[in-house]
Amino acid sequence: MNTTPGAVAVAALTAAAGLVLSATPAHAIPAFTPGAAGAGDPYFPDMGNGGYDARHYDIALTYRKDRSITARTRITATATQHLSRFNLDFLGPLTVHSVTVDGTAAAFRRTGAQELVITPRRGLVKGRTFTVTVTYSGIPRRIEDDALGVSGWVATDDGAVALNQPFGAATWTPVNDTPADKASYAFALTVPNDLQALANGEFAGRRVHGGQSTWRWRMPQPMASELAMIAIGRYDITAGRTPSRIPNVTAIDRNLLTSPEQARSFHELTEEITEWGADTFGRYPFGATGGIVDAVGVGYALETQGRPVYDRKGRPGINPGSSLVAHEIAHQWFGDSVTPRHWRDIWLNEGFATYAEWLHGEQHGGATAQERFDGLYATPADDELWQVEVADPGRNNLFAPAVYDRGAMTLHMLRREVGEERFFALVRDWYARNRDGNVTTADFVRHVKRYGDPARLEALLRTWIGTTGKPAL
């Protein structure tokens with residue numbers, strides 16, 4: 001044995017370390033900290049929250065003729081850190097009556113632009129699945145944004161429609177309002193018997209009780225909160241199945257309906273384009289398809305998951321055309337199933353859906369995609385089309401024409417570069433690899449580089465979506 005002074009010192013230190021280690025508790029109490037009050041999106045810093053992953057929303061909502069609601073939202077989530085408290089997004093004048101976490105009353109307060117801050121009685125350990133239940137009531141209000149238009153809970157002549165892009169969901173339900181946190185949904189919507197209530201996904205039954213009826217819908221596939229939808233009103237509802245046996249539920253506001261043929265025509269168009277999309281892009285992503293034509297007054301259609309909404313206020317008897325339906329149905333693949341993680345990447349929604357319009361048109365007797373491209377390319381160099389960076393347009397340019405049209409032109413340039421067979425393989429594989437998930441433009445660039453010369457393809461994408469100015473051909 002070595003008994004030099006140095007060895008004795010080392011032995012002493014080792015023994016001391018052993019004493020320290022033996023004094024450390026085997027199961028140390030974790031440090032619980034608050035979840036972030038934002039999901040980190042630079043365009044919308046108040047949207048979304050950190051510290052947990054929402055897995056499922058169960059929404060029970062009663063609508064009354066005075067336009068008020070009474071509701072209960074139950075959220076199943078998993079803690080992604082040791083949580084001392086966490087936030088939900090919740091907007092407007094609705095009154096919160098109670099909050100529980102795993103059935104036990106939790107402290108809550110409302111603060112900031114849209115924060116419902118919840119403090120459970122005990123901290124939530126990372127990895128633990130928990131349930132938070134919020135009960136609330138009042139008259140929801142819509143959002144009017146100078147740059148982005150109307151969203152949220154929109155009152156109509158005979159009810160209401162909830163349209164949430166980009167940030168309207170929190171006007172009628174507490175939510176982790178970020179596209180990066182997708183979850184499944186279930187709806188139980190109770191309305192007076194002379195009204196109908198629709199939502200996303202598959203019809204799960206209707207029960208009449210007294211002067212009210214409860215309509216149940218479910219969306220088991222992951223859905224971003226901006227794609228959730230509720231429509232309450234007087235509708236003519238048509239139900240059936242597509243040739244590939246996908247349930248198809250369409251509805252038209254009775255005040256817009258001028259003939260039985262109008263309802264049948266809209267239903268059949270939705271069916272045809274759903275089948276076309278499956279043939280072109282891959283298997284339809286969800287358990288049901290459909291659409292709702294209503295007099296909402298927002299001036300747009302929206303690709304709400306599994307059942308788009310088309311505003312036709314002031315246009316009775318006039319259904320949405322095949323181009324618009326192709327756009328919204330194509331979103332079911334691109335935007336709904338394959339969802340951008342950040343709002344700056346919205347061209348991955350709108351460029352793809354716009355190019356789907358072009359594809360459907362050229363395959364059904366309309367202008368070719370090349371003709372559509374040429375018409376846009378003739379736009380003068382000082383036009384807005386060339387002044388917005390498509391892959392990062394800025395908050396107020398989310399819905400700028402460049403995001404749609406130049407996004408579609410980018411896809412057409414890719415088609416010209418790699419050829420027909422590779423292009424359609426590229427698009428189908430993009431969907432197949434990312435179904436039910438979230439993506440970024442960087443993900444798309446990496447994907448595209450598999451289908452040709454990587455340097456050429458990266459340069460093409462940089463020119464068309466990563467810069468401003470009119471590209472040379």
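Accessible area here is worked out with the Shrake-Rupley method, using a 1.4 Å probe. With that in hand, let's look at this chain, which is a predicted model. By that method the chain exposes about 19,000 Å², and carbon and sulfur atoms supply 51% of that area.

## The whole chain

Here are some overall values to keep beside the picture.

| Feature of the chain | Value |
|---|---|
| Span of the C-alpha trace along the principal axes | about 100 × 65 × 40 Å |
| Residues that count as buried | 54% of 473 residues |
| Distance between the centres of the positive and negative side chains | 8 Å |

The chain is built with nine helices and 23 strands. As for charge, there are 47 positive side chains and 51 negative ones. How do the contacts spread along the sequence? Take the contacts between residues at least 6 apart in sequence: 68% of them join residues at least 24 apart.

## Helix α5 and its neighbours

Now zoom in on helix α5, which runs over residues 369-377. Its buried residues are A369, F373, L376 and Y377. Why do these four sit on the same side of α5? They cover an arc of only 100° around the axis, and that puts them on the same side. And what do they pack against? The buried residues of α5 meet three other helices: α4 (347-362), α6 (401-418) and α9 (454-465).

## Aromatic rings

Aromatic rings are worth a look too, with 28 aromatic pairs found across the whole structure. One of them brings us back to α5: the ring centres of F373 and W464 are 5.8 Å apart. Their planes stand at 50°, and since tilted covers angles that are neither under 30 degrees nor over 60, this pair is tilted. F373 belongs to helix α5 and W464 to helix α9, so the pair ties together parts that are 91 residues apart in sequence. Both F373 and W464 are buried.

There's also an aromatic cluster to pick out on screen. Its members are W276, F281, Y284, F286, W333, F334, W347, F352, W430 and F444.

## A glutamate in a strand

Last stop: E202, which you'll find in strand β14 (residues 202-209). Is E202 buried or exposed? Buried means under 20% relative accessible area, and E202 has 18% relative accessibility, so E202 counts as buried. Which residues does E202 touch? Leaving aside residues up to four places away in sequence, E202 touches R216, W217, R218, P220, G287 and A288.

Notes:
Residues are numbered from 1 along each chain as its sequence is written. This is a predicted model: local features need pLDDT of at least 70, side-chain atom pairs count only at pLDDT 80 or more; totals for chains, interfaces and linings use all residues. Side-chain values use heavy atoms; hydrogens and water are left out. Buried means under 20% relative accessible area, exposed over 50%, partly exposed in between (1.4 Å probe, protein chains only). Helices (H or I, at least four residues) and strands (E, at least two) are DSSP runs, numbered from the N terminus. The arc is that of the directions from the helix axis to the C-beta atoms. Contact means heavy atoms within 4.5 Å. Lys and Arg count as positive and Asp and Glu as negative; His and the chain ends are not counted. The place of a charge is taken as NZ of Lys, CZ of Arg, CG of Asp or CD of Glu. Rings of Phe, Tyr and Trp (its six-membered ring) pair if their centres lie within 6.5 Å; planes under 30 degrees apart count as stacked, over 60 as edge-to-face and the rest as tilted.
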